[in-house]
Amino acid sequence: MTTERKPVSLQRLLDMHASGEKIAMLTCYDAAFAHLQDEAGVDVVLVGDSLGNVLQGQPTTAPVELEEMVYHTRCVARGRRTAFIVGDLPFGSYQGTLAETWHSAAALVKAGAHMVKLEGGGWTAPAVRYLVERGIPVCAHLGFTPQTVTALGGFKVQGRDEASAARLRAHAQELVEAGAQMLVLEMVPAALAAELTQSLPIPVIGIGAGVGCSGQVLVLHDMLNITPGRKPRFVKNFMQGAASVQEAVQRYVAEVKARTFPEDAVHGF
């Protein structure tokens, strides 16, 4: 598939959002899976700090270090040919000064990321503006934010009541005005996520946020049913019935593109 596909650019993702073509995104942590996902047609690979959970066995993503994110971004960049690479800024790498945030983001870009992602709204808008003005594209992340799971009181859906929904809308608008060019919504009611996707000029990628988003993202190990223990409601086991990992990833891409995954009644809130 990648022999025919041009490298996925940020403009291409913006065009996909505008035209209604769904964006398929998966987490990725190494060169081999980057190559596999690229061949399967994944549009965006996210070097996620979820590696703290699935690779390191950490209970949360908070312990992940910037140096680890840089290492895994380099690995993914070596294996990828056409997919767009987003790198997570880990907890502690952007909560300080704007200059410190810049150095963290620049390290990921130098390692091969085309865009960096940070979590939270309100206080993050100045950091987004600072990075974008200096040439680093930013993906924002609202709703459930794993790095601050303790402050959120656990794994809870965000935006259920009108007050929290209004706050989420306001934060999304502030981030767009600050220059964010993509937004991840995690564990947000499907109706609210669809509303934001329709109103915002940037791609909105959902994870537990319904089929109405511009695209979807899952943790690779979750959708391959490798992660031990109970899976979140929004996860589907794409290995079930698949003859290979490659086929499972291809099925994921196909179902996202066809709008058959996720099913709001099954995977949404």
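These are my notebook entries on three strands, one cavity and two pockets in a predicted model.

**Entry 1: strand β2**

I began with β2, which covers residues 44-47. Which way do its side chains point? I found Val44 and Leu46 on one side. Val45 and Val47 point the other way. All four are buried. I noted the general pattern too: in a regular strand the side chains alternate between the two faces of the sheet.

**Entry 2: the neighbours of β2**

Next I looked up what pairs with β2. Strand β1, residues 23-27, is joined to β2 by 3 bridges, and the two run parallel. Across this pairing, Met25 stands opposite Val44. I then followed the chain from β1 to β2 and passed through helix α2, residues 31-40. This β-α-β crossover is right-handed.

Strand β3, residues 84-88, also pairs with β2. Here I counted 4 bridges, again in a parallel arrangement. Val45 has Ile85 of β3 as its bridge partner.

**Entry 3: the cavity**

How many cavities of 30 Å³ or more are there? I found 1. Its volume is about 50 Å³. The lining has 13 residues, and those closest to the centre are Gly208, Gln216, Phe234, Phe261 and Pro262. Two elements give two or more residues to this lining: β7 (204-207) and β8 (215-218). The largest share, 3 residues, comes from β8. I sorted the lining by class and got 7 nonpolar, 6 polar and no charged residues.

**Entry 4: the largest pocket**

I turned to the pockets. The largest holds about 730 Å³ of space. I listed 34 lining residues. Nearest the centre lie Asn53, Phe155, Glu186, Val219 and Asp222. Which elements each supply at least two lining residues? They are α3 (51-54), β4 (115-119), β6 (182-186) and β8. So β8 came up again, as it also gives residues to the cavity lining. By class, I noted 17 nonpolar, 8 polar and 9 charged residues around this pocket.

**Entry 5: the second largest pocket**

The second largest pocket has about 350 Å³ of space. Of its 19 lining residues, Gly121, Gly143, Thr145, Leu152 and His171 are the closest to its centre. Strand β5 (138-143) and helix α7 (162-178) each supply at least two lining residues. Which element gives the most? It is α7, with 4 residues. The class count here is 6 nonpolar, 11 polar and 2 charged.

Definitions and conventions. Residues are numbered from 1 along each chain as its sequence is written. This is a predicted model: local features need pLDDT of at least 70, side-chain atom pairs count only at pLDDT 80 or more; totals for chains, interfaces and linings use all residues. Side-chain values use heavy atoms; hydrogens and water are left out. Buried means under 20% relative accessible area, exposed over 50%, partly exposed in between (1.4 Å probe, protein chains only). Two strands pair if DSSP finds at least two bridges between them. A crossover is right-handed if, with the strands pointing away from the viewer, the path from the first strand over the helix to the second runs clockwise. On a 1 Å grid over the protein atoms alone, a cavity is a set of points where a 1.4 Å probe fits but cannot get out, and a pocket is an open set with protein on both sides within 12 Å along at least five of seven lines; lining residues have an atom within 4 Å of a point. Grid points are joined across faces, edges and corners, and a volume is the space filled by probe spheres set on the points. Ala, Val, Leu, Ile, Met, Phe, Trp, Tyr, Cys and Pro count as nonpolar, Asp, Glu, Lys and Arg as charged, and the others, Gly among them, as polar.
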